[in-house]
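Me: Could you take a close look with me at the place where the two domains of this chain touch? I am new to this, so please explain the terms as you go.

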Amino acid sequence: MSSPDFCFIYHYLCDTYDLSQSGDEFLHFNNPFEVLVATILSAQTTDRCVNQVTKVLFARYPDADSLAKADHTEVEEIIHSTGFYRAKTRNIIAAAQTLMDTFDGSVPEDMSHLLTIPGVGRKTANIVIHHAFGRSEGIAVDTHVRRVSTRLGLSNHSDPDKIEQDLLALIPPDLWGEMNGLFILHGRHICHARRPACTQCGLISHCKYAKTNPDLPSHR
Ligand code: SF4
């Protein structure tokens, strides 16, 4: 993939999606603690589902101190609809306890410290750094970013960490956070997991998946 191809992809996605008007499609939060907890809860579920439970969760447990002391059963009941609720309950309470024990109750701002928190991998840490602190140390590779970027041929890997490294080599650092959001919107609206709407996609002439699918036109 040459950089002109990335330029085309970037400008097409920017012209197609308005991240500033897409707040309802992403996680809701008001501070770094809420970004961290909401992102841990977002594994294997939708942001809409997480937003419904965090309204209740953050009203009951507004900070690391209160969540660190929470009753597991009560938290499990609140977050039940997000799935994997027992493991998620353990992780968010353990994360809150780590914030209290190690970081004076605050969310750390750098990748190496974030990765010491239970339930936090590179994807979650990247999201926290971008949304809580307005910086980027990488690109969060979730299911949409993974699918769209590999279909486009931006990476030949399946492992999210390796996909991230391929994207970091291709995409200018000041666009890392934005590209995460654009890939997610494209994955949700056009490049669906089961039946991507390729004939409606302006990237079809630049897409490895479309070129290798004999049922699709190679150009619009
Ligand atoms: S052409 Fe199809 S597979 Fe390629 S990015 Fe567009 S929707 Fe996804």
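**Where the domains meet**

Reply: Let's start with one pair of residues: the side chains of D47 and R188 form a salt bridge, with 3.1 Å from N to O. A salt bridge here is a side-chain nitrogen of Lys or Arg within 4 Å of a carboxyl oxygen of Asp or Glu. By that rule, the interface of domain 1 and domain 2 has 2 salt bridges.

A word on the source: this is a predicted model, in which local features need pLDDT of at least 70 and side-chain atom pairs count only at pLDDT 80 or more, while totals for chains, interfaces and linings use all residues. Residues are numbered from 1 along each chain as its sequence is written, and side-chain values use heavy atoms, with hydrogens and water left out.

Now the two partners. Domain 1 covers 4-20 + 139-212, and domain 2 covers 31-133; these bounds come from an automatic or database domain assignment. Their centres, taken over C-alpha atoms, are 27 Å apart. To the contact (heavy atoms within 4.5 Å), domain 1 brings 9 residues and domain 2 brings 6 residues.

How much surface is hidden there? About 560 Å² is buried between domain 1 and domain 2, and carbon and sulfur atoms give 50% of that area. Buried area means the accessible area (1.4 Å probe) that two parts lose on being put together, summed over both.

The interface also has 4 residue pairs in polar contact, both residues being at pLDDT 80 or more. A polar contact is a pair of N or O atoms within 3.5 Å; within protein, one must be able to donate a hydrogen and the other to accept it, and residues adjacent in sequence count only if both atoms are side-chain atoms.

On the side of domain 1 that touches domain 2, helix 10 (160-170) and helix 11 (176-189) each supply at least two residues. Helix 11 gives the most, with 3 residues. Sorted by class, that side of domain 1 has 3 nonpolar, 1 polar and 5 charged residues. Here Ala, Val, Leu, Ile, Met, Phe, Trp, Tyr, Cys and Pro count as nonpolar, Asp, Glu, Lys and Arg as charged, and the others, Gly among them, as polar.

Stepping back, the chain has 12 helices and 0 strands. Helices (H or I, at least four residues) and strands (E, at least two) are DSSP runs, numbered from the N terminus. The C-alpha atoms of the chain fill a box of roughly 55 × 30 × 30 Å, taken along the principal axes.
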